[in-house]
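Work through the exercises below with the sequence and the model side by side, trying each task before you read its solution.

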Amino acid sequence: MVLRHASACHLPPPAPSMSTEPDLNAPAASHAHATPENASTEPDAAAPDPTQALADLEARLTAMSDNYLRAKAESENVRRRAEEESSKARKFAIEGFAESLLPVRDSLEAALALPAASNEQLLEGVRATLRQLTQALERNKVMPIEPPAGTRFDPHQHQAISMVPADQDANTVVTVLQKGYLIADRVLRPALVTVAAPK
């Protein structure tokens, strides 16, 4: 009786066995990445379209040609404006110089209109006219070259007429026979001078 009762008892189901053997049917993930046969390959970059490349080159060439033509036109405009301004400057400079000489002419004509003027009046008129002429020349940057005695002879501004014995250093100016003139640091006429001879 006891044995029959024991066989009737319900026993818990056996626990699933933990197998340590590797599952041969499982996918080998790590090996799939290592083998070149299974590695995924990137698609090759698309080759450039020759037609599109030619079109890009033509567009660049057109842009460069347009920029060149614009720069050339601008250069021509700058050159033309410079020539016009230079021509105007020369024209107005001549007009200004001529205008400054008109009072000198007026004074000379006034002197000739007085035939009965005394010598003193004529002398005063000449002096006044000379002052007007000097002022006109100075306004136009015309300055005299009149070196004092003993000045070192300068062949760029002086012209030696002769060498004379003098009690001063050789090759120095002794006498100015005729003034020279500069215009804006450029020699219009050198001064005529005598120069001390070597002792």
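The exercises that follow concern a predicted model, and each task is followed by a worked solution.

**Exercise 1. The largest pocket**

Task: Find which residues line the largest pocket, and establish which element gives the largest share of the lining.

Solution: Begin with the pocket itself, whose volume is about 170 Å³. Next, list the lining, which consists of Leu-130, Leu-133, Thr-134, Leu-137, Glu-138, Val-142, Pro-144, Lys-179 and Tyr-181. Then place these residues on the elements: α4 (119–139) and β1 (142–145) each supply at least two of them, and the largest share, 5 residues, comes from α4. Finally, sort the lining by class, which gives 6 nonpolar, 1 polar and 2 charged residues.

**Exercise 2. A histidine in a strand**

Task: Decide whether His-158 is buried or exposed, and name the residues with which it is in contact beyond its neighbours within four places in sequence.

Solution: First locate His-158, which lies in strand β2 (residues 158–164). Its relative accessible area is 7%, and because buried means under 20%, His-158 is classed as buried. The contacts, leaving aside neighbours within four places in sequence, are Ile-145, Pro-147, Thr-151, Arg-152, Phe-153, Val-173, Pro-190, Ala-191 and Val-193.

**Exercise 3. Salt bridges within a helix and between segments**

Task: Compare where the partners lie in the salt bridges Arg-79 with Glu-83, Lys-179 with Glu-146 and Lys-199 with Asp-167.

Solution: Start from the total, which comes to 8 salt bridges. In the pair of Arg-79 and Glu-83, the closest N and O atoms are 2.8 Å apart, and both residues lie in helix α3 (residues 50–112), 4 residues apart, or about one turn of the helix. These two residues are also linked with Glu-76 in a network of salt bridges.

Now turn to Lys-179 and Glu-146, whose closest N and O atoms are 3.7 Å apart. Lys-179 lies in the loop between β3 and β4 (180–183) and Glu-146 in the loop between β1 and β2, so this pair ties together parts that are 33 residues apart in sequence.

Last, take Lys-199 and Asp-167, which meet at 3.6 Å, N to O. Since Lys-199 is in the segment after β6 (191–196) and Asp-167 in the loop between β2 and β3, the pair ties together parts 32 residues apart in sequence. Both Lys-199 and Asp-167 are exposed.

**Exercise 4. A glutamine in a loop**

Task: Determine how far Gln-168 is from Ala-196 in sequence and in space.

Solution: Gln-168 sits in the loop between β2 and β3 (173–178). Counting along the chain, Gln-168 and Ala-196 are 28 residues apart, whereas in space their C-alpha atoms are 6.9 Å apart. In addition, a polar atom of the Gln-168 side chain lies 2.9 Å from the backbone oxygen of Val-173.

Terms used. Residues numbered from 1 in each chain as written. Predicted model: local features only at pLDDT ≥ 70, side-chain atom pairs only at ≥ 80, totals over all residues. Heavy atoms only, no water. 1 Å grid on protein atoms, 1.4 Å probe; cavity = no way out; pocket = protein on both sides within 12 Å on 5 of 7 lines; lining within 4 Å. Points joined across faces, edges and corners; volume = space filled by probe spheres on them. Helix = DSSP H or I, 4+ residues; strand = E, 2+ residues; numbered from the N terminus. Nonpolar A, V, L, I, M, F, W, Y, C, P; charged D, E, K, R; others polar. Buried < 20%, exposed > 50% of the residue type's maximum accessible area, 1.4 Å probe, protein only. Contact = heavy atoms within 4.5 Å. Polar contact = N/O pair within 3.5 Å; in protein donor to acceptor, adjacent residues only side chain to side chain. Salt bridge = Lys/Arg side-chain N within 4 Å of Asp/Glu carboxyl O.
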